[in-house]
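Hi,

Here is the structure I promised to pass on to you. Have a look at it first, and then read my notes below.

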Amino acid sequence: MNKPLMADDLREKIIANPDVLLEDADVMRALVGADADQTNGNIVDLRSVAMERLEARFDRLEDTHRNVIAAAYDNLAGTNQIHRAILRMLDASTFERFLADLSGEVADILRVDAIRLVLESNLQDSHKSAGDAVAIMPEGFVQGYITLGRNMPARQITLREFHKVGGSLYGPRAEYIKSEACLKVDLGPERLPAMLVMGSEDPQQFTAQQGTDLLTFFIGVFERVVRRWLA
């Protein structure tokens with residue numbers, strides 16, 4: 001009776017977990033370097049399995065690499081976009097020019113279909129439009145709009161599907177808006193809350209899964225610019 005070439009317990013371990021061999025670089029180099037003619041083709045088969053495994057890993061690595069590059073490019077493009085929009089806001093010489101740029105060139109730079117600054121007022125004639133860029137709403141409107149009336153804190157940045165609530169914010173474009181960004185604006189002590197809303201006809205432009213770092217920076221600059229004009 002021929003003596004087994006491999007101890008039973010070792011053989012059972014390999015059969016139970018073949019990845020131990022396939023993922024061990026030194027073992028695979030030894031196997032691939034063996035003489036295929038003296039092994040009845042078994043090593044050749046193992047080579048094929050190993051190569052398939054390596055090719056699959058390489059494909060995954062390539063996909064990851066492409067995704068990282070694409071994400072980095074998108075982040076750079078988004079950063080440049082925000083910077084250009086901020087520079088456009090800072091160029092305004094009057095508050096009227098600032099508001100006109102907001103709904104015009106700033107919206108174009110950010111590639112959104114509508115932008116509106118929402119200001120709260122406790123006066124009787126609140127809930128009206130003050131031009132293309134500004135809407136005057138009753139006290140408490142910002143909190144309710146951002147949270148959709150739920151009893152919860154309003155986040156500074158909310159990205160979501162447009163729920164067709166408060167369509168007057170987008171005027172005649174409200175019918176076509178599919179996603180929106182709600183940016184809570186702090187105008188300083190003793191001032192009512194405000195909000196900047198950006199609406200897009202693209203349902204994927206603003207989603208809850210997206211990062212908010214760039215918009216947080218944008219709204220931080222926006223708050224300081226508006227406070228300067230209201231001072």
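Below is what I found, going from the core outwards to a few ring pairs.

Please keep in mind that this is a predicted model.

The largest nonpolar core has 35 residues, and those touching the most other members are L110, I115, L183, L196, M198, F218 and F222. At least two residues of this core come from each of α4 (42–90), α5 (95–110), β1 (114–121), β3 (134–138), β4, β5, β6 (194–200) and α7. Apart from it there is another core, of 17 residues, which includes A114, V118, A135 and C182. If you want one residue to start from, try M198: leaving out residues up to four places away in sequence, its contacts include L110, I115, Y170, L183 and F218.

Strand β4 (residues 157–161) is worth a look too. Four of its five residues are buried, so the strand is largely enclosed by the rest of the structure. β4 runs antiparallel to β5 (residues 179–185), and five bridges join them; in one of these, L159 is partnered with A181.

Helix α7 (residues 213–230) has 18 residues and spans 26 Å from its first C-alpha to its last, close to the 26 Å expected. Its buried residues include L215, F218, F222 and V226.

Finally, the rings. There are six aromatic pairs in the structure. F162 and Y170 form an edge-to-face pair, because their planes are at 90°, with ring centres 5.2 Å apart. F162 is buried at 4% relative accessibility, and Y170 is buried at 5%. Elsewhere, ring pairs link F95, F98, F218, F222 and W229 into a cluster, and R228 lies over the face of W229, 4.9 Å from the ring centre.

Enjoy exploring!

Methods:
Residues numbered from 1 in each chain as written. Predicted model: local features only at pLDDT ≥ 70, side-chain atom pairs only at ≥ 80, totals over all residues. Heavy atoms only, no water. Buried < 20%, exposed > 50% of the residue type's maximum accessible area, 1.4 Å probe, protein only. Pairing = 2+ DSSP bridges. Expected span 1.5 Å × (residues − 1). Core = buried A, V, L, I, M, F, W, Y, C linked by side-chain atoms within 4.5 Å. Contact = heavy atoms within 4.5 Å. Phe/Tyr/Trp six-rings, centres within 6.5 Å; stacked < 30°, edge-to-face > 60°. Lys NZ or Arg CZ within 6 Å of the ring centre and 35° of its normal.
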